[in-house]
Amino acid sequence: MNHRNLDDRQLLLRAADGDESAYRALVERHEQAVARVVTAMLGPGDDADDVGQMTFVRLFGAKAAFRGDAQLRTYLTRIAINLSCDVLERRRKQSRWHRLTGGGADEEVQLASPDTTDPVETSERNETVRQAVESLDAKHKAVVVLRILEERSTRDTAELLGVPEGTVMSRLTRALAKLKTALGPESP
Amino acid sequence: MTYRPEDQQRLHDALAGSRRDRFDPGFADRAVARWRAERAFTGGAAETVAFSVAVNRLFLRLAPPVAAAVLVLAVHNVGNRREGQTIVQALIGASTASETTMLTYASAAPGSLDAIYGLGTITVSHQE
């Protein structure tokens, strides 16, 4: 059966009744939106794939809560962000345990070097920024991904994360402050 | 190294660098297989909740009737308060401990417990 003409709600209802092709149609329709957020949060790989699968499975757990007033894509994004945050927290705990047991090198953000503009410096700087992003905790990273990468409004971000707008702004400010700290103070 | 306005762009680029528009090939197949497995496990409900969420739901379901029962018992106890019993004692259904009540409980106690433990029978004597 062709599911292209069916909207999300119809597909959701059919899938809830066990229609596998309807479920597949939902996955294919929204894979991109979920993949963009999850891979931005976790990087590509097995964890991202696992979270992607669980996002679509959890959609049915939240079926009752989805009443069509919110876009399904927004709803999926919310689930994906929450699951990604769980994975980031787990990684952080594992990393801490690894450091405590002496199993791995401490991943600290590289700090200041003289301000130059050569390609090597640019590459180092990109790496420093990347590491600063990686060092952000889950809550802050979620805000940075949604606000800066996905370019969502503060209001949208707040709704997705289930926090007040003020919290979004304070988390973004804190994340950027961490980045500034990693790169050193702004020159006058 | 100092923080510069273009670092905002670097931040964007760093995040965008790891972002992918699609999962690895075959994602839809894996997602459907996972969904099928979850449905089989949950008997078609396909609803998976964390243990803490399940406990929370159970608590929310049980708390109102339990609270109502506690309230009814408390009102009943206070309404039938015995003489000399404080409100708190009445609320929790405690009786005032005195020599008389102790002796009453002791004499009312069946010898069966003593028999179980092989202690013989306790006899209570009242001295004039």
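Which residues of helix 6 (residues 138–149) of chain A are buried? Select that helix in this predicted model; the buried positions are A:K141, A:A142, A:V143, A:V144, A:V145, A:L146, A:I148 and A:L149. Continue past the end of the helix to A:E151, whose phi is positive, near 55°.

**The whole of chain A**

Now display chain A in full. The chain has 8 helices and 0 strands, so that, by the definition of these elements, every one of the numbered runs is a helix. Of its 188 residues, 32% are buried. Among contacts between residues at least 6 apart in sequence, 57% join residues at least 24 apart.

**Helix 2**

Select residues 20–42 of chain A, which form helix 2. A straight helix of 23 residues would span 33 Å at 1.5 Å a residue, whereas the end C-alpha atoms of helix 2 are only 28 Å apart. Centre the view on A:H30 to find a kink of about 55°. Just after the helix, A:G43 takes a positive phi of about 80°.

**The nonpolar core**

In soluble globular proteins, nonpolar side chains tend to be buried together. Here the largest nonpolar core holds 51 residues. To see its best-connected members, select A:L26, A:V37, A:V38, A:M41, A:A80, A:V145 and B:L15, which touch the most other members. Helix 2 of chain A gives the most to this core, with 12 residues.

Which residues does A:A80 touch, not counting those up to four places away in sequence? Select A:V34, A:V37, A:V38, A:V51 and A:T55 around A:A80 to display these contacts.

**Helix 8**

Move next to helix 8 (residues 165–183) of chain A and select A:M169. Is A:M169 buried or partly exposed? It counts as partly exposed because it has 15 C-beta neighbours inside 10 Å, and a buried residue would need 20 or more. Add A:A158 to the selection: A:M169 and A:A158 are 11 residues apart in sequence, and their C-alpha atoms are 9.1 Å apart in space.

**Confidence**

Finally, colour chain A by pLDDT. The average is 80, and 80% of the residues score at least 70. Helix 2 has the highest confidence, at a mean of 92, and helix 5 (residues 119–135) the lowest, at 73. Over residues 105–116 of chain A the pLDDT is below 50, although this stretch has 16 contacts in the model beyond near neighbours in sequence. Where pLDDT is low, the predicted coordinates should not be read in detail.

Definitions and conventions: Residues numbered from 1 in each chain as written. Chains lettered and ligands numbered in written order. Helix = DSSP H or I, 4+ residues; strand = E, 2+ residues; numbered from the N terminus. Expected span 1.5 Å × (residues − 1). Bend = angle between axes of the 7 residues up to and from the residue. Buried ≥ 20, exposed ≤ 12 C-beta atoms within 10 Å, placed from the backbone. Contact = placed C-beta atoms within 7 Å. Core = buried A, V, L, I, M, F, W, Y, C linked by C-beta atoms within 7 Å. pLDDT = per-residue confidence, 0-100.
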